[in-house]
Amino acid sequence: MSDAALAPAGPLAADIRPSGNQPPRIRPQAGAEDWVMRGAIALLGVYFIITLVLPLYTLLIKSVEDKDKNFIGVANFARYFADPALTQSLINTFTVSIIGTVITIFLAFLYAYALTRTCMAMRGILRAVALVPLLAPSLLPGLALIYLFGNQGIFKGLLMGHEIYGPIGIIIGEVFFAFPHALIILVTALSVADQRLYEAADSLRASPTRVFMTVTLPGCRYGLISAAMVVFTLIFTDFGVPKVIGGSYNVLATDVYRQVIGQFNFQMGAVVGLLLLFPAVISFTVDRLVQRKQVALLSARAVPYRPSPRPKTDRFFLIVACLIAGFLLLILGMAFLGSIITFWPYKLVPTLKWYDFTRLGTDGWGPYFNSLRMAAMVALIGTAIVFTGAYLTEKSRGAKGLRSALHLIAMVPLAVPGIVLGLAYIFFFNAPGNPLGLIYNTMTILVVNTICHFYTVCHLTAVTALKQVDAEFEAVSASLKVPLFRTFWRVTVPVCLPAILDISVYLFVNAMTTVSAVIFLYASDTKLMSINAINTDDAGNTASACAMGMVIVVTSAVLKGLHSLLVRRLHKRTQAWRQR
Amino acid sequence: MKKESLTRRLALMSMAALGSVAALGLASAPAAAEDVVLKVYTAIEEEQMPPYKEAFEAANPGIKIEWQRDSTGVVTARLLAEKENRQADVVWGLAASSLMVLDQEGMLESYKPVGFDQIKDDFKDRRTGWPTWVGMDAWASAICFNTAEAEKLGLPKPTSWKDLLDPVYQGHIVMPNPGSSGTGFLSVAAWLQMFGETGGWQFMDGLHANMNTYTHSGSKPCKAAGAGEYPIGISFSYPGVKLINDGAPLEVILPTEGIGWEMEATAIMKGTDKLEAAQKLADFAASAEANKLYNQSYQVLARKDVTPELPENYPANEADLLLSPNNFEWAAGNRQAILDEWQKRYGAKSEPKS
């Protein structure tokens, strides 16, 4: 969720939806056009089956098989739970996820409150700074923490003898990584308050604490739960941070990697993969249930809340927000410093030599161009597939059961951790006899995998945007005998253009930074920058790994900047109809 | 109407921009069409890859190398995983004990390279006249010791493996995980041979008590020692020598009991459709020219007729300390059992020491 606009079902959606009283629609007979649509829907179904359902099914099968593909039931699981080393990982993962979630939600709530409910200064800048972690691959905070708190770190003393390698480092790194995700949800939740409730509380002379406890908190409780679930899942399944800073504190995500890549134990990898999947699925379900209620919370007559200046409170929150933003910038700044220092900690002279990636091997800048190429392809093809798919499930006629089934399947990727998806792809596409095995080890499999990995949020964004377009357009165009695809191209696409741009930028940035799924799938000529950074750090070249991370951050930031410029212009020119 | 066309123009513009980035990426990729491209899997150090590739391609025009590099355990895992869907044509620079595992699975092609008689006996597969793998060079375990940090912490300089069991070193040692790292595995295999099965595990139990963490790659402990992150890293000589030459306050120590070692070797994958080119690479990998390249990083070479020169600051007595005899067949045959036992004993270091 890279942008406020990407948060599913924002307040706009609730306002614009037609409120009942629809004229009875005349159902036209299924013509050639409808059959084309149905064909397209079926095609979308096949696409989901190949890119999501079958790989996950293969993973499931693998976990109940032995090496010779005999069915052995839950024996692999039994072996897993009999191994104290592996069950310890399960406990570790829960420990860091729970603590990390509590801290992240606490900080993100303060920050979101400051942004939405106070009149503190610099809200625009502070909002932008808070989203910075989205531009970085998750190993970058890990690397920065080594420089900050490692055995040669600047602030090592602050840890009072504790080690950064382990739970402390993982938790700090994950808070950085998950913070913007929580913030986006909480900002949305806190923005939809009803001014009238506060006025009522005010005239009843309720104390600020009481107002907070009885109006503010209950008003955003669904947002809080939803944010907690999302953050928990993110931390539970993240690979980059524990890989870099986890030391010997094992978590499930690094276990999968070690089982599969270190010990070629695919069956056990599948078992751990499924363990990673369960909490994600549960929190995903809770989140979906909760979000449904959040939409229903706001009545049509609500008056949007506007904060009034309270100098003392505003100043307090400004300080808090600046501290948090300072922490985020410190992490990023340290990663940058690490990338330009000659030889930490013995030779603190600035240099650009760590950006000369050709020194490190034959790959040089090749992975960077691979990443750009993949990200561009994911953005282009992914946006086309997602938007057309959302259009088909949302706007087409007939095949209702199939359409809602597709909508449901489109939700699944959100609950599938990248590392599980990557593993599922090896099992499925590298199986002997699979004709689709052709794409194994190619750029295509990386693109297909990445689109699938980030499908859900894009789908929800597209659906939210499409819901704002009245269904009458289709009905009118049908009665005017205008081909549907023309309505799609001349009405639907332009109206939804901001959402389409959001989707493509979201896909681009995520494709640039992702590691978890693609680390199982890259080949020598399709190695990506983010993976190269992991490998480079593995080989002990921390400074160059920082440099690679920084190159990704700058690239994502440039694209994001261009995007917001474009959106601002676009908004002025084409979205005037949104104003009341 | 005007607004709408502007909208569309903007959309087209942004899509075109993305498209051109995609095209740019595509254009920068492929090599000339008539070249034979060999997929070569390797576990050599990243820095060694460019000179090896350039030398081979200069000697064999029309053949290009496409590398796939990772740690020894990872490459071995990948090759085994791809058994039924082979991707690699040649393996150039992987631990011999790993190649033996592949050989047991029947995945290697027999080939006797040109100049095979010049390869030392220890460095070749001697079971039949038609070897499946040929050695290149040997690398051996070493202790990278950061003198500046050790002084700060008041750590004495260790000279033997058993010295490392001293509680004074608690939390100050790192070593590679033998599951992923070839250097880690050769060290473990050597301790088990040197100290015996029971003594070996006992030694590792003691070492584990002092161990801070196990790393993924074999060179990382040395690089971490060089950066002062940990004062002592169990690794191999080459990265330490390189760091010393770069100005790190480091010393490379070869423990007196003897050091574990392992060969890097070359093999052709069975079923490759580029057999001729693959054999050319196998010939080159066994040549005197290639051995001279190996000598830039390693002291012990496969060929009899290449006299090794010592890289600057390279420990002089490495060849004398190499564990002898070193039973590779035993190591390869018990690889999985050793790794399982290791994982059982040391896999979970639940709490890092502070």
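Helices, as the word is used here, are DSSP runs of H or I with at least four residues, and strands are runs of E with at least two, both numbered from the N terminus. Counted in this way, chain A of this predicted model has 24 helices and 2 strands. Its radius of gyration is 25 Å, close to the 25 Å that the globule rule gives for 580 residues, so chain A is as compact as a globular protein of that length. Measured out along the principal axes, its C-alpha atoms fill a box of roughly 75 × 70 × 45 Å.

Chain A is divided into two domains, of which domain 1 is assembled from residues 1-17, 30-65 and 376-524, while domain 2 takes in residues 96-295 and 314-353. The C-alpha centres of these two domains of chain A are 27 Å apart, and their contact draws 24 residues from domain 1 and 33 residues from domain 2. On the side of domain 1 of chain A that touches domain 2, the elements contributing two or more residues are helix H1 (11-16), helix H2 (32-63), helix H17 (418-429) and helix H22 (497-513). The residues of that side comprise 17 nonpolar, 5 polar and 2 charged.

Helix H2 of chain A, one of the elements just named, also packs against helix H16 (residues 400-411) of chain A, the two axes coming within 10 Å and crossing at roughly 30°. Because angles under 35 degrees count as roughly parallel, that makes H2(A) roughly parallel to H16(A), and the crossing of the pair is left-handed. From H2(A) the contact is made by A:Ile41, A:Leu44, A:Gly45, A:Phe48 and A:Leu52, and from H16(A) by A:Leu402, A:Arg403, A:Leu406 and A:Ile409. By class, this contact has 7 nonpolar residues, 1 polar and 1 charged.

A second pair to follow in chain A is helix H15 (residues 366-395) with helix H19 (residues 455-467), which pack at an angle of about 50° with their axes 9 Å apart. That angle makes H15(A) oblique to H19(A), and their crossing is right-handed. The residues of H15(A) that make the contact are A:Gly382, A:Val386, A:Phe387, A:Gly389, A:Ala390, A:Tyr391, A:Glu394 and A:Lys395, and they meet A:Tyr455, A:Cys458, A:His459, A:Ala462, A:Val463 and A:Leu466 of H19(A). Sorted by class, the contact of H15(A) with H19(A) contains 9 nonpolar, 3 polar and 2 charged residues.

A third pair brings together helix H7 (residues 167-191) and helix H10 (residues 221-237) of chain A, whose axes come within 9 Å and cross at roughly 155°. H7(A) and H10(A) are therefore roughly antiparallel to each other, and the crossing in which H7(A) passes H10(A) is right-handed. On the H7(A) side the contact includes A:Glu174, A:Ala178, A:His181 and A:Ala182, and on the H10(A) side the residues include A:Tyr222, A:Gly223, A:Ser226 and A:Ala227. The contact of H7(A) with H10(A) divides into 11 nonpolar, 4 polar and 1 charged residues.

Some local backbone features of chain A lie in its loops. A:Trp344 and A:Pro345 are joined by a cis peptide bond, with omega about -5°, and A:Pro345 belongs to the loop between strand E1 (341-343) and strand E2 (347-350) of chain A. A:Asn441 has a phi near 70°, a positive value in a residue other than glycine, and this residue is in the loop between H17 and helix H18 (443-453) of chain A.

Chain B is likewise described by its domains, with domain 1 made of residues 36-138 and 262-315 and domain 2 made of residues 139-260 and 332-346. Taken over C-alpha atoms, 26 Å separate the centres of the two domains of chain B, and the contact takes 21 residues from domain 1 and 20 residues from domain 2. The elements giving two or more residues to the side of domain 1 of chain B that touches domain 2 are helix H3 (72-81), helix H4 (96-104), strand E5 (133-146) and strand E10 (261-269). That side of domain 1 of chain B has 10 nonpolar, 6 polar and 5 charged residues. Elsewhere in chain B, a cis peptide bond with omega of about -5° joins B:Ser324 and B:Pro325, and B:Pro325 lies in the loop between helix H12 (318-321) and helix H13 (328-333).

How values were computed: Residues are numbered from 1 along each chain as its sequence is written. Chains are lettered from A and ligands numbered from 1 in the order in which they are written. This is a predicted model: local features need pLDDT of at least 70, side-chain atom pairs count only at pLDDT 80 or more; totals for chains, interfaces and linings use all residues. Domain bounds come from an automatic or database domain assignment. Two residues are in contact if their C-beta atoms, placed from the backbone, lie within 7 Å. Ala, Val, Leu, Ile, Met, Phe, Trp, Tyr, Cys and Pro count as nonpolar, Asp, Glu, Lys and Arg as charged, and the others, Gly among them, as polar. Axes are lines fitted to C-alpha atoms, for helices over the stretch in contact, and angles run from 0 to 180 degrees between N-to-C directions. Angles under 35 degrees count as roughly parallel, over 145 as roughly antiparallel, 65 to 115 as roughly perpendicular and the rest as oblique. A crossing is left-handed if the near helix is turned anticlockwise from the far one by less than a right angle, and right-handed if clockwise. The radius of gyration is taken over C-alpha atoms; the globule rule is 2.2 Å times the number of residues to the power 0.38.
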